[in-house]
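I opened the notebook for a new model. The plan is to go through it place by place and write down what I find.

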Amino acid sequence: MLKLEEELAVLYCILRKYANSQNECYPSRTKIANTCGFSITTYKKAVNELISNNVLTRQKRTRANNSQTSNLFTTAGIESDYIELPENIFEFGLSKMAL
């Protein structure tokens, strides 16, 4: 079982909530940080830690004018029984289906 810090587990589950059938999502960092109750700095650190743990990949995306838009995240699609979840996980508007 992968033991992630509470912030990492919450972020991973929120990203899974937004993921499509290919485990991809591209929510804005502000939306995710607000949903998780994180600052943007905490969000960035948590994303980098999930990438280091090989449960998340990030692809930077740009618009036609080369300005950056939201990143494309791909979650590892691992089962919820593989990650130890914090007890308060459902306080973030998640359902079992998101996990």
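In which loop is Asn54 found? I looked: Asn54 is in the loop between H3 and strand E2 (56-59). One caution before going on: this is a predicted model.

**Entry 1: Asn54**

I checked the backbone at Asn54. Its phi is near 60°, a positive value in a residue that is not glycine. I noted this since most residues other than glycine have a negative phi. Next I looked up exposure. Asn54 counts as exposed because its relative accessibility is 65% and the cut-off is over 50%.

**Entry 2: Asn23**

I found another positive phi at Asn23, near 65°, again in a residue other than glycine. Asn23 sits in the loop between H1 and strand E1 (24-25). Is Asn23 buried or exposed, or partly exposed? The relative accessibility is 22%, so Asn23 counts as partly exposed. Buried would need a value under 20%.

**Entry 3: the chain as a whole**

I stepped back to the overall layout. The protein chain has three helices and three strands. Read from the N terminus, the order of elements is α-β-α-α-β-β. The chain has 99 residues, and 37% of them count as buried.

**Entry 4: the core**

Which residues have the most contacts inside the largest nonpolar core? I listed Leu11, Leu15, Ile32, Cys36, Tyr43, Leu50 and Phe73. That core has 19 residues. I then asked which elements give two or more residues to this core. They are helix H1 (6-18), helix H2 (29-36) and helix H3 (40-52). H1 gives the largest share, six residues.

**Entry 5: Leu50**

I picked Leu50 from that list. Leu50 lies in helix H3. Its relative accessible area is 0%, so Leu50 is buried. I also took a C-alpha distance from Leu50 to Ala9. The two are 41 residues apart in sequence and 8.9 Å apart in space.

**Entry 6: Thr35**

I moved to helix H2, where Thr35 has its place. Thr35 has a relative accessible area of 27%, which means partly exposed. How far apart are Thr35 and Ile14 in space, C-alpha to C-alpha? I read 7.8 Å, with the two positions 21 residues apart in sequence numbering.

**Entry 7: Ser28**

I looked up Ser28 in the loop between E1 and H2. Ser28 counts as partly exposed because its relative accessibility is 35%. I paired Ser28 with Asn71, which is 43 residues away along the chain. Their C-alpha atoms are separated by 7.6 Å.

**Entry 8: Thr57**

Strand E2 holds Thr57. I noted a relative accessibility of 45%, so Thr57 counts as partly exposed. Thr57 and Glu24 are 33 residues apart in sequence. From C-alpha to C-alpha I read 9.4 Å.

**Entry 9: charge on the surface**

Last, I looked at charge. Which residues form a negative surface patch? I wrote down Glu5, Glu6, Glu7 and Glu49. I followed up on Glu7, which lies in helix H1. Why does Glu7 count as partly exposed? Its relative accessibility is 40%, and partly exposed covers values between the 20% and 50% cut-offs.

**Entry 10: recap**

I closed with a short cross-check. Helix H1 holds Glu7 of the negative patch and also gives six residues to the largest nonpolar core. Leu50 of helix H3 is buried. Asn54, in the loop between H3 and E2, counts as exposed. Both Asn23 and Asn54 go into my notes as residues with positive phi.

Key: Residues are numbered from 1 along each chain as its sequence is written. This is a predicted model: local features need pLDDT of at least 70, side-chain atom pairs count only at pLDDT 80 or more; totals for chains, interfaces and linings use all residues. Side-chain values use heavy atoms; hydrogens and water are left out. A nonpolar core is a set of buried Ala, Val, Leu, Ile, Met, Phe, Trp, Tyr and Cys residues joined through side-chain atoms within 4.5 Å. Buried means under 20% relative accessible area, exposed over 50%, partly exposed in between (1.4 Å probe, protein chains only). Helices (H or I, at least four residues) and strands (E, at least two) are DSSP runs, numbered from the N terminus. Patches are made of residues with over 30% relative accessible area and no salt bridge: like charges are joined within 9 Å, nonpolar side chains (Val, Leu, Ile, Met, Phe, Trp, Tyr) within 5 Å. Accessible areas come from the Shrake-Rupley method with a 1.4 Å probe; for residues, only the protein chains shown count as cover. A salt bridge is a side-chain nitrogen of Lys or Arg within 4 Å of a carboxyl oxygen of Asp or Glu. Lys and Arg count as positive and Asp and Glu as negative; His and the chain ends are not counted. The place of a charge is taken as NZ of Lys, CZ of Arg, CG of Asp or CD of Glu.
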